[in-house]
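Subject: Structure for you to look through

Dear colleague,

I am handing over the structure we spoke about, and I would be glad if you could open it before reading the rest of this email. My notes come after it, so that you can follow them with the structure in view.

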Amino acid sequence: MRKLPLAHRLLLLWFAATLAVLVVAGLLFSVLRGQQEWDEQTRTIDAAWHHLDTETAYRAQELAEMTQTLSASPKLQATLHLFDGYFDSERGNPDIFDFPARELALLLGESGRASGVDWLLVSSRHGPIAGYAMQQNLYWSQRSEGAPVLFASKASLAPFEPIADLDLTTSAGSDKVRFGRCRTAPGIALVHDLPVVSTAGEIGRLSVGRCLDLGFIERTANETGLAFAIGNDDALHSAQMPAQALNTESGEERALTLRWFANLRLGKSGEHTFSTATAPLVDGAAVSFRFVRPAESGDTATGLLIGAGFASLATVSLLVFIIGLIFMRREIMNPLDRLMQAVDSARGGQFVPVDGKLPDNELGTLARVLNETMTALTRERAHLHTLVDTIPDLIWLKDTDGVYLACNPRFEQFFGAREKEIVGKTDHDFVEPELADFFRERDLAAISADGPSTNEEWLHFAGCDYQGLFLTTKVPMRLADGTLIGILGIAHDITELRAAMDEIAGHRDLLEIKVRERTAQLEAAIELQKKTEQALQEAKEIAEAASQAKSNFLANMSHEIRTPLNAITGMVHLISRAGVPPDQQERLHKIDLAGQHLLNIINAILDLSKIEAGKFELDENELQPGIILANVSSMMLDKAMEKGLHLEIVNDVPGLVLRGDAGRLQQALLNFAANAIKFTDQGNVTLKVSREQEDEHGVLLRFEVRDTGIGIDPAAQARLFSAFEQADNTITRRFGGTGLGLVVTRKLAQAMGGDTGLSSEPGHGSTFWFTARLKHGLAIPAAASRPAIEGDSAETRLARDYAHCRLLLAEDEPINREVALSLFSDVNLSVDVAEDGQQALDMASSGNYDLILMDMQMPRLDGLEATRRIRALPARQHVPILAMTANAFAEDRQRCLDAGMDDFIAKPVDPEILFGTVLKWLRKRAASQTNRV
């Protein structure tokens, strides 16, 4: 049979290929469509498992948190201790345990209803005590004779009635939530059986369970859009679950990471796609979980469309085939023969261009392009050959069978042969069989990798007796259509480079190790920081609540102590002024000292509380360190002289003016000085200030107190600056004190940018010091000295110049009223008394007073509101109102000033401060009235 021309064969091939493509496309579409549907169903079922796993984990965490909270309940702990103690002793009347068991049952019932659990059970080591199950509060009445009796109540206030015993037996204790049998209905549940532990060990158990009922199953089915079932033979399932899908167990394993479920399988059964998994139960058995989704049928319309397309394309292909036969004989066959002759000549290595007249069509254009391309390729081949020859690396080209096609001069030195001797041969013709096999293995590795394959190898040159380490790279060479035509090899000499790399390899490896270690540390630090931040936020909220509660407590305690203390010190002052025998005067002096000591303790506690609560604020005014030393020395001189001590001042910064809180510096130095005098029986006490550092921002001052007292043991020095700590904390200690002075001093120093410390040796005295960083100040004018009333005292001036003034005293405490009235009667001031804020408002409205003394806490109407209403009266905006209260916090002072008061006197009241403050505001009122006139 005559062979058909190439053009005809191409047309026939095209026609057959078109038909084949249509058939294959239809089959491929069906396969891909089915695979797409299967992938979609798989993703839906995987999402459903993740949803169920997350929901289970959330419920388990919620159940665990509730169990932990209940196990720590004081009522539950107390009840278990009561029952534990009862059974360890002789059996008594068990009726006394019914009440705590009943109370515990009510508590468990409230918790169970609030959290939605199905049962709660508390058991001691000897049996059940109380619980909640089936919407009932339960407790077991312990009887001396016979088994315990179960009582139940359906509501908090409903009576308890005896019922038949229920099987709510707990399993072994665990710190994890697990699946178990539902103890109140068929099915399974999330169960947490937790031992209740006290300092004495395990005293009972708490069992909590939440059943996975039909409601949970239907909700899961609705949320996932799949039918859902739990259980084996007697499974609970959603309404849309097909009956025939409940018993399918085959299917392939599915790799899916879940926390609560294992043995995941996925498969098809008829028209349904199903997935199953199992989970272990507490009793060792396993329970099955199942999702089912109906499988969708194929797309009939797509099949019909493919068939119609196939028929249409087949018809068109037949028409094109007939027309092509006629056209190709005239326009293609002859020119194509001439083109093939030119290609054959190029293949032989001696290209003969297509000559003669060329047709005016694509074949003619192809012939011209072939001529131009082959000429350019011949020129480029010459350039490439020159380039390859000049490269110092070894370069070679093999075909797929390992036969050499070309190489450069450097490669010729390796084999010790010319290129024409190498081309057409293999490695076995030039090197040992083992090395030749190794070269071939690397060739095949590059082909298999379909990319560059690199290795290092030692090569010995046959042509020049050179041996070196080379980095060899082999790359498979492919045509544009991907056809493999050979392997290109390049070997680069890295002998010197490797020597240099080996020299720094140790450093690089060490650096990499350090980087990995540091990276791991940083990752751990970041994770720890996240946990720490969360813990700190929780601790901050707890600390803020505790701090507020402590502040409220201290404020109340301060007020309640200062109020009677004001009465005590006031009465002592009045009795002393009335004149008493010397021995009685001495006793009154001791009472006054005790009151001042108590006041100092209260003030120290308040200072420490404000510092720890972050509400402590420092003033900033010009000060002179030398004046602070002089003030402290003046205050402590009498006590030093009483003990026969020499009090010395050393000022290394004379005339220095700084900015800071002089009062707090004096308080800190006074604490050290008082301790030094207390613990020194003979010798001297030295107060010293010096300059430690100075820059453009300020000065770091060092205050120290040095004594020749008893000294401090080194073991006690480390805890001296802790609250309520002393060097001697035994009950036989010689010296008193609260141990607050040093810790307050340290807090003050740290607030001012400094610190505290000491050096001491038993029997050789001690040196306590603190530092403070203060800003540079301006020179203090001579007129800016501490204000004082020159000449006569405030008491004398009041009695002499303001006896005509009329005062209003608002005070609800009778003794404090009596003390105040007695003090003002000594200076001949007329005082009216109001026993509460409402009475003070009424009297201020109807009377004309020169000054009002106002307590803060009073019945009916407190002092703050009374002040606001007095200020709202037309003619009372400028009447001085002074707070005289036991609320001594800075916040209390500010509240008084915000309410409209002019000044603040803290109880217990110092008569000199009281008279001085009253005198100041009476003088201001007199001056303002003169100006208005």
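What follows is a short account of what was found, beginning with the whole chain and then turning to a sheet and two helices.

Please keep in mind that this is a predicted model. The protein chain contains 22 helices and 31 strands, and of its 933 residues, 39% count as buried. If you consider the contacts in the protein chain with a separation of 6 or more, 59% of them are accounted for by residues 24 or more positions apart. The protein chain exposes about 51,200 Å², and 56% of this is supplied by carbon and sulfur atoms.

The sheet is a good place to begin looking in detail. Five strands form an open sheet, and if you trace across it you will meet them in the order β16-β15-β19-β18-β17, with antiparallel pairing. The edge strands are β16 (404–407) and β17 (453–460), each of which pairs on one side only. From one strand to the next, the twist averages 25°. As general background, strands of a sheet pair through backbone hydrogen bonds, and they can do so in a parallel or an antiparallel way. Here, β17 and strand β18, which covers residues 467–478, pair in the antiparallel sense over eight bridges, and E456 stands opposite L471 in β18. Helix α10 (residues 433–449) packs on the sheet, where it touches β15 (394–398), β17, β18 and β19 (484–493), and the direction of α10 makes about 165° with that of β17.

Two residues in helices are also worth a look, and for each of them you might ask whether the residue is buried, partly exposed or exposed. T745 is found in helix α16, which covers residues 741–751, and T745 counts as buried because its relative accessibility is 0%, which is under the 20% cut-off. Leaving aside its neighbours within four places in sequence, T745 is in contact with A668, N671, F672, T756 and F770.

L28 lies in helix α1, which covers residues 6–71. With a relative accessibility of 46%, L28 falls between the cut-offs of 20% and 50%, and therefore counts as partly exposed. Together with V24 and L32, L28 makes a nonpolar surface patch of about 280 Å².

With best wishes

Definitions and conventions. Residues numbered from 1 in each chain as written. Predicted model: local features only at pLDDT ≥ 70, side-chain atom pairs only at ≥ 80, totals over all residues. Heavy atoms only, no water. Patch = residues over 30% accessible without salt bridge, like charges linked within 9 Å, V, L, I, M, F, W, Y side chains within 5 Å. Areas by Shrake-Rupley, 256 points an atom, 1.4 Å probe, with all protein chains shown as cover. Salt bridge = Lys/Arg side-chain N within 4 Å of Asp/Glu carboxyl O. Helix = DSSP H or I, 4+ residues; strand = E, 2+ residues; numbered from the N terminus. Buried < 20%, exposed > 50% of the residue type's maximum accessible area, 1.4 Å probe, protein only. Pairing = 2+ DSSP bridges. Axes fitted to C-alpha atoms, helices over the stretch in contact; angles between N-to-C directions. Contact = heavy atoms within 4.5 Å.
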